[in-house]
Structures are given as C-alpha cells and as structure tokens.
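Welcome! Please have a look at the chain below, and then let us walk through it together, step by step.

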Amino acid sequence: MPHSRRILTCAAAAFAVASAGFALPSGAGAAAPPAATSDFDGDGYADVAVGVPDGTVGGKAKAGYVNIVRGGPKGAGAHGSIRVTQATPEVPGTPEAGDRFGASASLTDLNGDGIAELLAGAPGEDVTDRGKDAGMVTVVGGSEGGPGPGSTVLTGPSPSAAYGKSIAAADLTGGGNKTIAVGGTDKVVARVIEGEDSIVTTVVAAPMGGRAPVLATGDFDGDGTADLAVAYWTAGDPSTQSHVRLWTWDAGSSSMANFWNTDNAGVTALAAGDFDGDGHEDLALGECREIADENIDDPCGPEELAEGGGVHVHYGSAAGGRFGGRTQTLHQGTAGVPGVPEDGDRFGAALAAADVDRDGRDDLIAGAPGEAIGSRAGAGAAWLLHGGAQGLLDAGGAARSVTWNQDTSGVPGVAEAGDTFGAAVAASDHDDDGAPDVTAGSPGENASLGAVWHLPGGSARGSTAFSPRTLGLPYLSTAHKYGNPLTTR
C-alpha cells in the first residue's frame, strides 16, 4: 500500500496534544487507556456530539459547528449544551463560509484521563499553501470548565483533498495510543503514534466519485487489537463498484495491511458489535443496496428485496478463524422487521450498536430516513434490532425488533414529509442508569432546522426532543440540518 512517513509539524499538520495540555501516552509499553467515554465535560455522564456543518457562525454560511449536548439524570437534551466553533478561543482557525466544521465528529478519550476529546472535521477548510477545500481535522480537549485547548490533527495536502469528510479513532497498534483515521476526497489516511514518531500512512487511495468513505473500528480478526473498517466506492467505466475492506496495523512495515474484503455491497453505514454474544466482533453493513447492474445477489440479497435498502452482517470468529464466513441479511421484508421494502426507504443508512436490552448481546439501531409514514414521503423511521444467540436473526430467519417514528405513541412531534427521522443514530448511557439510550437525528425537521430525539433505554416512553431552538443556540436561518451527524461512545 502507498505509505508516507513523516513527523508532523505545527505548520503542516501538527497534533500538538502535549503543548495543548492533554498529552497522549507514548511507546509500546504504555498502559492501555480505560474504556472509551463520551463524557466531554467531566461530570460523569455520557454526552452526545451533534455535527452541524450547515450551521451559520458569525454570519458565515455553512462555517459549521459541533454542539455537545450534555448528559445528566434526565438524559441528553435536558441539561444544556456546549457549542464549539472555529470562533471558540481554544479552537484553531477562523469561521469561514463553506468550511463545514462538524461534517464529521467523534467523542473519544484520547489520553486515558476519563474525559473525552472532540475530533471534528472541516472538509471545506482552505489551508495556506495547500489550497481551497484542502480540509482539516481538529482536536479539542474536554474539561469541567468547557472546551479545553485545541490543535490541528491533520490538514489535507492539496486543493479539494477535503480531509475531514469522515473520522474514526481507536488503538489500532496495540501500544496504548489512539490512531486517528481520516477520510477525504479519494483517500483514507491514518495518523499513527509509533514510539516517539507521528506517522501518516495511506490506507486507501482510489477514485471515489465524490462520496465520503465510511469508517468504523472493531477487533475483527480476534487478536485483541482494534482494526479499521473502510467502505468506499470506486467510480469508473463501465460501472461504479463498491468495497468494504478491513485493515490491521503491520508493525513491520509501519503501515496498515488489508486482510479482508467484500465488494459490490453498496453500503452507506458501518457498525461493529457482538450481535450473537460469542465474544467476537461482527460488522453490520448498512443500506446494502444495488449501485451497479451486476452482483446484486452477493452479498446484498435478491434485487426485489434490496430496493429499499437492507443490513448485511458478517460475523466474527475466534482468532485465526475466518472473519465473515457466516452472514445474515435483514430488510423490511424480513419476518419480525415492521414495514415494507420500498424504493428510496434507505433502510440502514445510519447504524449504531449497543446492548440496549442488557442481555449480553449487542443490538443494532438502524435508520431509514427515506421511509414514508403513510403518505408523507421521507418522514423517516428507526428500528431497534435485537441481538440473539444466532445474531440479529433467529434460527428460523426472523428478527425481533421495534420501530419508531414521529407518529409512534410516546414520541414527540408529528411525522411530516421530508423530516428524515433516522438520518443519524447513536447509543450511549446518557442518564447513567446502566441502560444505553438511543438518539435519532431528524435533520429535515422544521424546514430543515433539524432536531434530535432521545429515547431513554431505547423506549418511546419518556422520549424527548431537542433542537437549536430548545437549546438556545443562535440560528440566522432555519436550514441548519441539525441532527446529522451524531456521535457517542
């Protein structure tokens, strides 16, 4: 694989965490950090980051921001929020029209202190000596007093590189340091700490036709260290092809090594979880659909069942075993999944995994933002698909699930055309009661001002909604599309 080794500099793409006041552990002997947390403000409750790349900041349209919505005893949305922009004193850069800060966002504990840092992508950022829309990824420290010091993780190398379209972070090397994977135009790179060096290595370089690569992490080869999953499309003649590939860190070459592939899956989302409870990580491919005229039967299922999207799951195995040898496919035509598969539903366009029912097996939350509710096209819906001994389907091929939309009893609001409820989904325990809560974004709500729904314990009972209006955020127009992306850990 193409690979470039360089120590990052402040002028080029520094990740100056030490000078910023939240130094990462370094070296192979460093202790592994504690479990990931999305507690950005240090109050002991998981928070949720809402990227608002279409938000206006300082009069600059689509300069973008990230809204960190605090968790607390009443869950997310009832305890205020923190608005992080490039006008925030601790954050590098200046808000400019079209920066799209917050196009990707991740809350992750980079330095193992129990408080999350915010990673935010701005693919429209213009970078001096690099050109227009080179893109940038920024890290902002969390703290009890609000946003802590920030610095630049990586900038795109050339005009239109658009670094920051997607982000993922995990300890991919096993050395205790988080590797940050960054998606841009036609490329995925990984920024790795190896010993005292900071390395940028190319993971994928391919013509992606303007689509953002999809990133996820999980231990797919069962060796105890996280791997990187990448979904991307290659645009070409005679047809567009799609790929889902897994990568592991190769210490010998100081680069990422590809160890598993599936093609023609046509996916929009990925989620890692142990859906059958066997102790091995599985990978769900979301909005599995036809994007070319061939190979629809592998792996997405028959064409007549894929028109509305679907979820295809590859199951893990013990270390040394073959990942993905066992598969399952779900859609709205599957027994136990409410609804009917229809063209444009986009079932699985957003995915998140968590053990919502606390039975020891992860469940899958799947959004279908194109789902019609009655005659209201694109109102959107989301499903909670329960894991079980066989995974997301039982031995008879049936699922066990519930579905929500804005016409579901207990869910605030009214389903309206174009709401796109379920365009983003996430799960974390925001009220610290031991049960993961579900959040679902609806960026089309209220003439595309947007909103997010909080479903405590994955239940419509007691669910609430929050938006820029309810949180007291400034908005000069309504088309902020609040609610996509969403991230929790």
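## Salt bridges

Seven salt bridges are present in the structure; a salt bridge here is a side-chain nitrogen of Lys or Arg within 4 Å of a carboxyl oxygen of Asp or Glu. One of them joins the side chains of Asp41 and Arg70, with N to O at 2.9 Å. The two partners come from distant parts of the chain, 29 residues apart: Asp41 is in the loop between H2 and E1, and Arg70 is in the loop between strand E2 (65-69) and strand E3 (81-84). Asp41 is buried, with a relative accessible area of 6%, while Arg70 is partly exposed at 24% relative accessibility. For these words, buried means under 20% relative accessible area, exposed means over 50%, and partly exposed is in between (1.4 Å probe, protein chains only).

Another salt bridge links Arg100 with Asp54, whose closest N and O atoms are 3.3 Å apart. Arg100 lies in the loop between E3 and strand E4 (104-108) and Asp54 in the loop between E1 and E2, so this pair ties together parts 46 residues apart in sequence. Arg100 is partly exposed at 30%, whereas Asp54 counts as buried at 11% relative accessibility. A third example is Arg376 with Asp407, where the closest N and O atoms are 2.9 Å apart. Here Arg376 sits in the loop between E21 and strand E22 (381-385) and Asp407 in the loop between E23 and E24, 31 residues apart. Both are partly exposed, Arg376 at 26% relative accessibility and Asp407 at 38%. Through shared partners, salt bridges also join Asp54, Arg100 and Lys481 into one network.

## About the model

This is a predicted model, in which local features need pLDDT of at least 70 and side-chain atom pairs count only at pLDDT 80 or more, while totals for chains, interfaces and linings use all residues. Residues are numbered from 1 along each chain as its sequence is written, and side-chain values use heavy atoms, with hydrogens and water left out.

## The chain as a whole

How many helices and strands does the chain have? There are four helices and 28 strands; these are DSSP runs numbered from the N terminus, with helices (H or I) of at least four residues and strands (E) of at least two. Of the 489 residues, 58% count as buried. Among contacts between residues at least 6 apart in sequence, 56% join residues at least 24 apart, where contact means heavy atoms within 4.5 Å.

## Two open sheets

One open sheet has four strands in the order E20-E21-E22-E23, with antiparallel pairing; two strands pair if DSSP finds at least two bridges between them. Its edge strands, each pairing on one side only, are E20 (350-354) and E23 (401-404). Neighbouring strands of this sheet are turned by 15 degrees against each other on average, direction ignored. Such angles run from 0 to 180 degrees between N-to-C directions, with axes fitted as lines to C-alpha atoms. Five bridges join E20 to strand E21 (residues 363-368), and Ala353 stands opposite Leu364 in E21.

Another open sheet of four strands follows the order E24-E25-E26-E27, again with antiparallel pairing. Strand E24 (424-428) and strand E27 (464-466) are its edges, and its twist averages 25 degrees from one strand to the next. Within it, E25 (residues 437-442) and E26 (residues 451-455) share five bridges, and Gly441 has Val452 in E26 as its bridge partner.

## Covered strands

Is strand E6 (residues 136-140) mostly covered or mostly open? It is mostly covered, as five of its five residues are buried. Met136, Thr138 and Val140 point one way from E6, and Val137 and Val139 the other way. E6 runs antiparallel to strand E5 (residues 117-122), with five bridges joining them, and also pairs over five bridges with strand E7 (residues 150-155) in the antiparallel sense.

Strand E16 (residues 269-273) has four of its five residues buried, so it is largely enclosed by the rest of the structure. Its antiparallel partner over five bridges is strand E17 (residues 282-286), where Gly286 stands opposite Ala269.

## A contrast in exposure

Asp129, in the loop between E5 and E6, is exposed, with a relative accessible area of 80%. By contrast, Asp47 is buried yet has no salt bridge, and the nearest side chain of opposite charge, Arg70, is 6.2 Å away. For charge, Lys and Arg count as positive and Asp and Glu as negative, while His and the chain ends are not counted.
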